[in-house]
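Fancy a few exercises you can work through with the coordinates open? Load the model, try each task yourself, and then read the solution.

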Number of protein chains: 2
Amino acid sequence: MDRPASRRKSLSYTVTLAEVAAQAGVSAQTVSRALRFPDTVAGHTLARITAAVEATGYVPNLSASQLASNRSKTIAMIIPTLAASVIAETVQGMSDVLLTEGYQLFLGHTDYSPEKEYELVRSMLGRRPDGVCLIGTVHRPETISLLRKAGIPVVQTWDWTEERIDMLVGFSNRDAARAVVAHLAGRGYKKLAFAAVIFPGDYRAEQRHAGFLEGVAEHFKGKKVREVIYRDRPLSMSVGAELFHDIRQRYPEADAIVFSSDVFAGGALLECIGASIRVPDEIAITGFGDYDFAGQLHPGLTTVHVPARDIGAQSARLLVRRLNKQPLETEALDVGFDLVVREST
Amino acid sequence: MDRPASRRKSLSYTVTLAEVAAQAGVSAQTVSRALRFPDTVAGHTLARITAAVEATGYVPNLSASQLASNRSKTIAMIIPTLAASVIAETVQGMSDVLLTEGYQLFLGHTDYSPEKEYELVRSMLGRRPDGVCLIGTVHRPETISLLRKAGIPVVQTWDWTEERIDMLVGFSNRDAARAVVAHLAGRGYKKLAFAAVIFPGDYRAEQRHAGFLEGVAEHFKGKKVREVIYRDRPLSMSVGAELFHDIRQRYPEADAIVFSSDVFAGGALLECIGASIRVPDEIAITGFGDYDFAGQLHPGLTTVHVPARDIGAQSARLLVRRLNKQPLETEALDVGFDLVVREST
DNA sequence: CTGTTAGCGCTTTCAA
DNA sequence: TTGAAAGCGCTAACAG
């Protein structure tokens, strides 16, 4: 059990393979094999090794394993923020699958900054993850080239593009917004307004904005565009109320408001309830995300449901399959979205 | 630039320190130093090295660095779930601080299972993180002994205990629930009920339950206990509505309901609004967590505000200070809680 | 200010 | 079925 003298001191004493091997009376090699491929080791040897592992409390050093094998069993995930609960769901979906597959998750957030994203990708790649998952499909060219050069599987998520880096699990935010506009047009609303917070760098929200404009151009040709867009307000319901009042003041004629998130739509809806503004009679409201509260409000909030958790889970599955060299049915998976029509429209 | 012949093939070609050194015409050691302590290298040398790093697109292999230096610059964080947005906030707070300090975050979730927590701690320790952050103060003895043996800083969070493993950043869930009961008693409510979902393994919720019972014993001596506790329902508003109806049916006399989470309280409150049950006149409602919607509802939800993000940030700071061998003012930080009284009581 | 040497703990390769 | 040797890419220690 004595560790050989060394110039290098480790702060906390940790058991090594060699020590387990010594205790079990076999070579380090055999212990390594026993742990990874128990079938290839004789029964009695395995038993001795298992006992030695138990007795010493050995925990394999995966860093050393990674260095030697060039596989890390980790996935790096880079998200804009955890404050958006739909993104947290995606992380949860990814983590769920990775855990069962024996992978560990490195998580970092960018606050929607492409510069931070670049730095984060760079430092994450320093860990030599086996794969990377990104939210979004728009990145700095340097970021993309870094990822390509890494030569590992990459999944982009939460939007759609024809120019993906590698794999893709998402849906068209643009089409989602167009579907909302089409729905409102179908219900006879004529004067739509768009209300959003779009951080510079939130390209998904940008796409939804673009989709709104396209929808309006399609259904209300030549009509004026009504919109209030904040660039830097928090993702909170009270901001939704602010957006609502801004729209009402600037476009009193508006008969429907398309919000970029359920958080804002929910805030606006609660504001209406508090102020006895009848929804949808006086004004219709739509959201995005189908948050938990959307279906509980009275009136219920018409919104777009997105399979957030599934995006994470499917991304993880694609990464794992690729890493296992299993064939993929597709490298670009459109998980779609659902327009959920409730009473607010 | 030619890499020496090797028996070992790496799947994806990556630049190494030695190659940068060759290109810059210095030793590997000097490159290593230049990257970590630029001041200790001559200006012209530094310039050549910087150019070589740039030209080769070198990304340091932190795994190798970790193995050699015995420091990983990673923190492992183990949470029950990301589905609770207050916990997501804590993760965000941790990640925020760690990023600026140059640490990376390993994240894993346990779904409130102590067994999964043990397995997760075990596999996380395999990465040899520099520190560990856990949610909660109750863990399996094996988990605790594993963490102690690792000899690295550990922070427990989100609750309070006198028997911490190492450091602690939290507050008393029990006192929080007692404060809610005291508030209700002070407002003249006489027949309190407790409504919760408590997963086996959610010891914080358990503490809030205990606090409720203590509060009732204190303020309503000898009175009967009213409670409905589900053991395995999702954290969603519709479950809050179910809890509400269960309470009403079993305890029609109840004049106030203490929910274990704003999610349920919010669901119940919205249900009341939909069913025209007057809150707080017919029944008072309290929550826990001070979610975004709590203040937006009408009536506003009386609840307990918890500095969730701060818990993460302070935990990260404690870990980093400890790792930097800086003195700590305290190893057990009580971040407290605030009773936020709104119109629902 | 810079270089040499040894070694971190593991896996790969090859041989027995 | 098991073991010996080499090396993954980096940093610590020491010397110059």
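Below are six exercises with worked solutions on this predicted model.

**Exercise 1. Work out how chain A is built overall, and decide whether it is a compact globule or more spread out.**

Step 1: Start with the secondary structure, which in chain A comes to 12 helices and 12 strands.
Step 2: Now take the radius of gyration, 26 Å for chain A, and hold it against the 20 Å that the globule rule gives for 345 residues. The value is well over the rule, so chain A is more spread out than a compact globule.
Step 3: Check the extents too: along its principal axes, the C-alpha trace of chain A spans about 85 × 40 × 40 Å.

**Exercise 2. Find the strand order of the open sheet of 4 strands in chain A, and say which strands sit at its edges.**

Step 1: Follow the pairings across the sheet and you get β7-β6-β8-β9 in chain A, with parallel pairing.
Step 2: Look for strands that pair on one side only; these edge strands are β7 (226-230) and β9 (284-286) of chain A.
Step 3: Going from one strand to the next, the twist averages 15 degrees.
Step 4: Zoom in on one pair. Strand β8 of chain A, residues 256-259, runs parallel to β9(A), and 3 bridges link them. For A:Ala256, the bridge partner in β9(A) is A:Ala284.
Step 5: Finally, see what packs on the sheet strands: helix α9 of chain A (residues 203-219) lies across β6 (192-197) and β8 of chain A. The angle between α9 and β6(A) is about 170 degrees.

**Exercise 3. Hunt for backbone oddities in chain A: which peptide bonds are cis, and where is phi positive in a residue other than glycine?**

Step 1: Recall the usual background: most peptide bonds are trans, and most residues other than glycine have a negative phi.
Step 2: Scan omega. A:Val279 and A:Pro280 are joined by a cis peptide bond with omega at about 10 degrees, and A:Pro280 sits in the loop between α11 (262-274) and β9 of chain A.
Step 3: Keep scanning and you hit another cis bond, between A:His298 and A:Pro299, with omega at about 0 degrees. A:Pro299 belongs to the loop between β9 and β10 (303-305) of chain A.
Step 4: Now scan phi. A:Asp290 has a positive value, near 50 degrees, and A:Asp290 lies in the loop between β9 and β10 of chain A.

**Exercise 4. Determine what operation superposes chain B on chain A.**

Step 1: Fit one copy to the other. You need a rotation of 180 degrees with 0.0 Å of shift along its axis, and the RMSD is 0.1 Å.
Step 2: Read off the symmetry: that is the relation of a two-fold axis.
Step 3: Ask which residue of chain B comes closest to the rotation axis. B:Phe106 does, with its C-alpha at 2.3 Å.
Step 4: Compare the contact surfaces: 100% of the contact residues of chain B recur in chain A, and the same surface serves both copies.

**Exercise 5. Describe the contact between chains A and B: how many residues does each chain bring, and which strands pair across it?**

Step 1: Count both sides, and you find 53 residues from chain A and 52 residues from chain B.
Step 2: Sort the chain B side by class: 22 nonpolar, 25 polar and 5 charged.
Step 3: List elements of chain B that supply at least two residues each; among them are α5 (85-100), β2 (104-109) and α6 (114-125).
Step 4: Look at the strands. β2 of chain A (residues 104-109) pairs with β2(B) in the antiparallel sense over 3 bridges. A:Phe106 has B:Phe106 as its bridge partner there.

**Exercise 6. Map the protein surfaces near DNA strands C and D, and say which helix gives the most to each.**

Step 1: Around DNA strand C there are 31 residues, and the nearest are A:Leu17, A:Ser32, A:Ala64, A:Ala68 and B:Thr45.
Step 2: The biggest giver near strand C is α4(A), with 5 residues. By class, this surface has 11 nonpolar, 14 polar and 6 charged residues.
Step 3: Repeat for DNA strand D. Here 30 residues lie around the strand, with A:Thr45, B:Leu17, B:Ser32, B:Ala64 and B:Ala68 nearest.
Step 4: For strand D the largest share, 5 residues, comes from α4(B). The classes here are 11 nonpolar, 14 polar and 5 charged.

Methods. Residues numbered from 1 in each chain as written. Chains lettered and ligands numbered in written order. Predicted model: local features only at pLDDT ≥ 70, side-chain atom pairs only at ≥ 80, totals over all residues. Pairing = 2+ DSSP bridges. Axes fitted to C-alpha atoms, helices over the stretch in contact; angles between N-to-C directions. Contact = placed C-beta atoms within 7 Å. Nonpolar A, V, L, I, M, F, W, Y, C, P; charged D, E, K, R; others polar. Near = placed C-beta within 6 Å. Least-squares fit on C-alpha atoms with pLDDT ≥ 70 in both. Rg over C-alpha atoms; globule rule 2.2 N^0.38 Å.
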